[in-house]
Amino acid sequence: MSTATETGFDRRLLPPMLLGAALNPVNSSIISVSLVPIGAAFGAPPAETAWLVSALYLATAIGQPVVGRLIDLFGPRDLFLAGAALTGISGVVGMLAPGFGVLVASRVLLGFGTCAGYPAAMHLIRSEARRTGKDSPAGVLTALAITTQTIAVVGPSLGGLLIGIGGWRATLAINIPLALAGLYLGFRRLPATPATRRDGRLVRELDLPGMGLFAAALVCLLLFLMDVRGGDWWLLAVTVAAGAGFTWRELRTRQPFIDVRLLGGNLPLLATYGRALLSFVVSYAFLYGYTQWMEQGHGLSASEAGLVLLPLFGVGIIASTVTGRSKAVRGKLLIGSLGQVAACALLLFLNDGSPVWMLLAVVIVLGVPQGLNNLALQNSVYHQAHAERMGSSAGLLRTFGYLGAIVASAANGAFFGRRADSAGLHHLAAFMLVVSVLFLVLTVADRSLSRVGRT
């Protein structure tokens, strides 16, 4: 029996929404404690195991806005189910991977498989608001924010537990039961796609050339960022050329994949995307870099490192829950940016002999911005983006976030080299501190934030 009413949000949608949105962040973080044992198993240094992180984000950064646009056009159900199935396949491939190359390929599959969850959730929230004639409850957006970001930090703890039970392959096999649960909930709970959205006219209106140019520009840019010191400047030239071609195409087509005119006229939304990039650089540089340092530089086991990171989850949950009822975002972003600056500064005081309480203190301080920033960024997009393009706009938010995660992964490889030692941690912390200050400046300078959630 449906729990929906004419004026209330359909609570039956919450389980598939939250599970689908959780698949990517959990997999983004669970790998952090697996990098060292995987490197030992295949003889790969940190600069190579960073590809396990980058491969996921490369696929996700491209796939999220593409799948988001398809969801805008055809509804979330079919895309959600296809993504869940691909997630399960990636779990099987990763669990059985005979070599490092196959393992990287499984992460690419996983990136595409987890693309649908977050855009589908944002689309459903906006659809429910349209159906009921009023904004969806603030608690729904808060629950989604907790799921997509703060729950990500339970990944290292879960990963450490799984490694202790079944080795690093267990951290990949976990996607099989998660995918089965997603398929079940998707079939049972998500609304069927209306027949009017399946007609040939909509299929013909898909901007496939625009999607292709977008993907080409992003692939070349991300490959360049993954190895800046490699000197492959031709990749940057191809990025510019593909980006110019993409812009030209989008300005002239009747149904653009990304409405460049609309986006260009929405400077507050562009600023939100910029903050997402900077926020993810800091969050994921910490998540991967700090975890690797605790294992290699400080000598903790994977399970112990996961436990040290656990307070990040708790503090983030509390910060999101306490502030979730307020739709205003400026205060959240200001406190979150200051929290990132403080946490990065504290990293500079750590060394191989630092007591565990100092390691925990850094985690607790970072937990506050972990909870606040993602909630504020998500709410900003919800209020700033065009309702008819909510899926693709939400996808672009994740694209910019994962671009930041790729930068973080490249930074970890550059500063740590073959071993995550304390000197490398301090260099990484200085880089994160600069990014955190940029985030703070962009937040203070953006006067439009005072109106988000108040009008």
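**Exercise 1.** Leaving aside neighbours within four places in sequence, with which residues is Ser 90 in contact?

*Solution.* The model is predicted, with local features requiring pLDDT of at least 70 and side-chain atom pairs pLDDT 80 or more, while totals for chains, interfaces and linings use all residues. Residues are numbered from 1 along each chain as its sequence is written, and side-chain values use heavy atoms, without hydrogens and water. Contact means heavy atoms within 4.5 Å. On this criterion, Ser 90 touches Ser 106, Leu 109 and Leu 110. Ser 90 belongs to helix 4 (helices are DSSP runs, H or I, of at least four residues, numbered from the N terminus).

**Exercise 2.** Determine which parts of the chain are tied together by the salt bridge of Asp 446.

*Solution.* A salt bridge requires a side-chain nitrogen of Lys or Arg within 4 Å of a carboxyl oxygen of Asp or Glu. Asp 446 meets this condition with Arg 275, their closest N and O atoms being 3.0 Å apart. Arg 275 lies in helix 15 (residues 267-296) and Asp 446 in the segment after helix 20 (422-445), so the bridge ties together parts 171 residues apart in sequence.

**Exercise 3.** Establish whether Asp 446 and Arg 275 are buried or exposed.

*Solution.* Buried means under 20% relative accessible area, exposed over 50%, and partly exposed in between (1.4 Å probe, protein chains only). Asp 446 has a value of 11% and is buried. Arg 275, at 0%, is buried.

**Exercise 4.** Identify what the side chain of Arg 77 reaches.

*Solution.* Arg 77 is buried yet has no salt bridge, Asp 78 being the nearest side chain of opposite charge at 4.6 Å. The side chain of Arg 77 reaches the backbone oxygen of Leu 190 at 3.3 Å.

Methods
Lys, Arg positive; Asp, Glu negative; His and termini not counted. Polar contact = N/O pair within 3.5 Å; in protein donor to acceptor, adjacent residues only side chain to side chain. Helix = DSSP H or I, 4+ residues; strand = E, 2+ residues; numbered from the N terminus.
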